[in-house]
Amino acid sequence: MIIIIMGVSGAGKTTIGKLLAEALNWKFKDADEFHSIDNIEKMRLGIPLNDADRKPWLKDLQTAIALWLKENANIVLACSALKANYRQYLVLDAEYIKLIYLHGSLDLLQQRLIGRQNHFMSEKLLNSQLDDLEEPDDAIFVDVSEPPQLIVQNLKTVLGI
């Protein structure tokens with residue numbers, strides 16, 4: 001099974017994803033690792049990515065997901081997956097891929113991004129991500145104002161894992 005932890009920057013995708021993977025004894029992957037150097041530099045400079053920038057990234061993610069499915073791997077993937085068409089591209093098999101949508105208040109997201117160290121994603125890009133965000137209708141919704149350990153415990157219950 002592949003669990004995609006999605007949401008805007010600052011929602012806690014990596015934090016929750018790593019904790020969930022650890023709790024399940026699964027592998028954790030971060031979609032940021034699939035970005036090109038050019039994409040990372042654009043984001044570092046505060047320049048929002050467009051669909052053309054994201055296309056090779058999505059293709060690489062889709063290839064990895066197809067391989068993980070073929071290998072019957074258990075993966076927790078942190079991935080923004082902001083738009084419905086991105087998710088359609090990534091959810092190759094709805095039976096084996098589950099979406100978890102992390103959402104929170106603008107204030108909370110901004111506070112987290114301002115306090116973030118050593119990450120290419122700037123708080124300046126939050127508004128562009130929120131503009132691009134198309135909330136899913138087929139995901140488990142999670143309010144990120146709760147403590148991460150509680151979120152993970154609740155997710156394990158909801159997922160039945």
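## Aromatic pairs, sheet and salt bridges

A search of the whole structure finds 2 aromatic pairs, and, as with everything described here, they are read from a predicted model. Phe-34 and Trp-68 make up an edge-to-face pair, with 6.5 Å from centre to centre and 80 degrees between the planes. This pair links distant parts of the chain, since Phe-34 sits in the loop between strand S2 (27-30) and H2 while Trp-68 belongs to helix H3, 34 residues apart. Phe-34 counts as partly exposed because its relative accessibility is 23%, whereas Trp-68, at 8% relative accessibility, counts as buried. The rings of Tyr-101 and Phe-141 have their centres 4.9 Å apart and their planes at 85 degrees, so this pair is edge-to-face. Tyr-101 lies in strand S4 and Phe-141 in strand S5 (residues 140-143), so the pair ties together parts of the chain that are 40 residues apart in sequence. Tyr-101 is buried, with a relative accessible area of 3%, while Phe-141 is partly exposed, with a relative accessible area of 41%.

### The sheet

Strands S4 and S5, which carry the rings of Tyr-101 and Phe-141, take part in an open sheet of 5 strands with parallel pairing, arranged in the order S2-S3-S1-S4-S5. S2 and S5 stand at the edges, each with a single partner strand, so one side of each is left without a neighbour in the sheet. Neighbouring strands of this sheet are turned by 20 degrees against each other on average, when direction is ignored.

Strand S1 (residues 2-6) is mostly covered, with 5 of its 5 residues buried. Ile-2, Ile-4 and Met-6 point one way from S1, Ile-3 and Ile-5 point the other way, and all of them are buried. Strand S1 is joined to S3 by 4 bridges, and these two strands run parallel; within S3, Ala-78 stands opposite Ile-5. Strand S1 is also joined by 5 bridges to strand S4 (residues 97-103), with which it runs parallel, and Ile-4 there stands opposite Leu-99 of S4. Between S4 and S5 there are 4 bridges, again in a parallel arrangement, and Leu-102 stands opposite Val-142 in S5. Helix H7 (residues 148-159) lies across S1, S4 and S5, and runs at about 165 degrees to S5.

### Salt bridges

Side chains of opposite charge can pair when their charged atoms come close. In this model the count comes to 4 salt bridges, and the table sets out three examples.

| Pair | Closest N to O distance |
|---|---|
| Arg-44 and Glu-41 | 3.5 Å |
| Asp-53 and Lys-42 | 2.7 Å |
| Lys-83 and Asp-51 | 3.1 Å |

Arg-44 and Glu-41 both lie in helix H2 (residues 37-44), where they are 3 residues apart, about one turn of the helix. Arg-44 counts as partly exposed at 48% relative accessibility, and Glu-41 likewise counts as partly exposed, at 36% relative accessibility. In the bridge between the side chains of Asp-53 and Lys-42, Asp-53 lies in helix H3 (residues 51-70) and Lys-42 in helix H2, so the pair ties together parts that are 11 residues apart in sequence. Asp-53 is buried, with a relative accessible area of 17%, whereas Lys-42 is partly exposed, with a relative accessible area of 22%.

Which residue forms a salt bridge with Lys-83 at 3.1 Å between the closest N and O atoms? The partner is Asp-51, and the pair links distant parts of the chain, with Lys-83 in the loop between S3 and H4 and Asp-51 in helix H3, 32 residues apart. That loop runs between strand S3 (75-78) and helix H4 (84-90).

Is Lys-83 buried or exposed? Lys-83 counts as buried, because its relative accessibility is 15% and the cut-off for a buried residue is under 20%. Asp-51, at 38% relative accessibility, counts as partly exposed. When residues up to four places away in sequence are not counted, Lys-83 touches Asp-51, Asp-132 and Glu-134, so that its surroundings include acidic partners beyond the residue with which it forms the salt bridge listed above.

Conventions
Residues are numbered from 1 along each chain as its sequence is written. This is a predicted model: local features need pLDDT of at least 70, side-chain atom pairs count only at pLDDT 80 or more; totals for chains, interfaces and linings use all residues. Side-chain values use heavy atoms; hydrogens and water are left out. Buried means under 20% relative accessible area, exposed over 50%, partly exposed in between (1.4 Å probe, protein chains only). Contact means heavy atoms within 4.5 Å. Two strands pair if DSSP finds at least two bridges between them. Rings of Phe, Tyr and Trp (its six-membered ring) pair if their centres lie within 6.5 Å; planes under 30 degrees apart count as stacked, over 60 as edge-to-face and the rest as tilted. Axes are lines fitted to C-alpha atoms, for helices over the stretch in contact, and angles run from 0 to 180 degrees between N-to-C directions.
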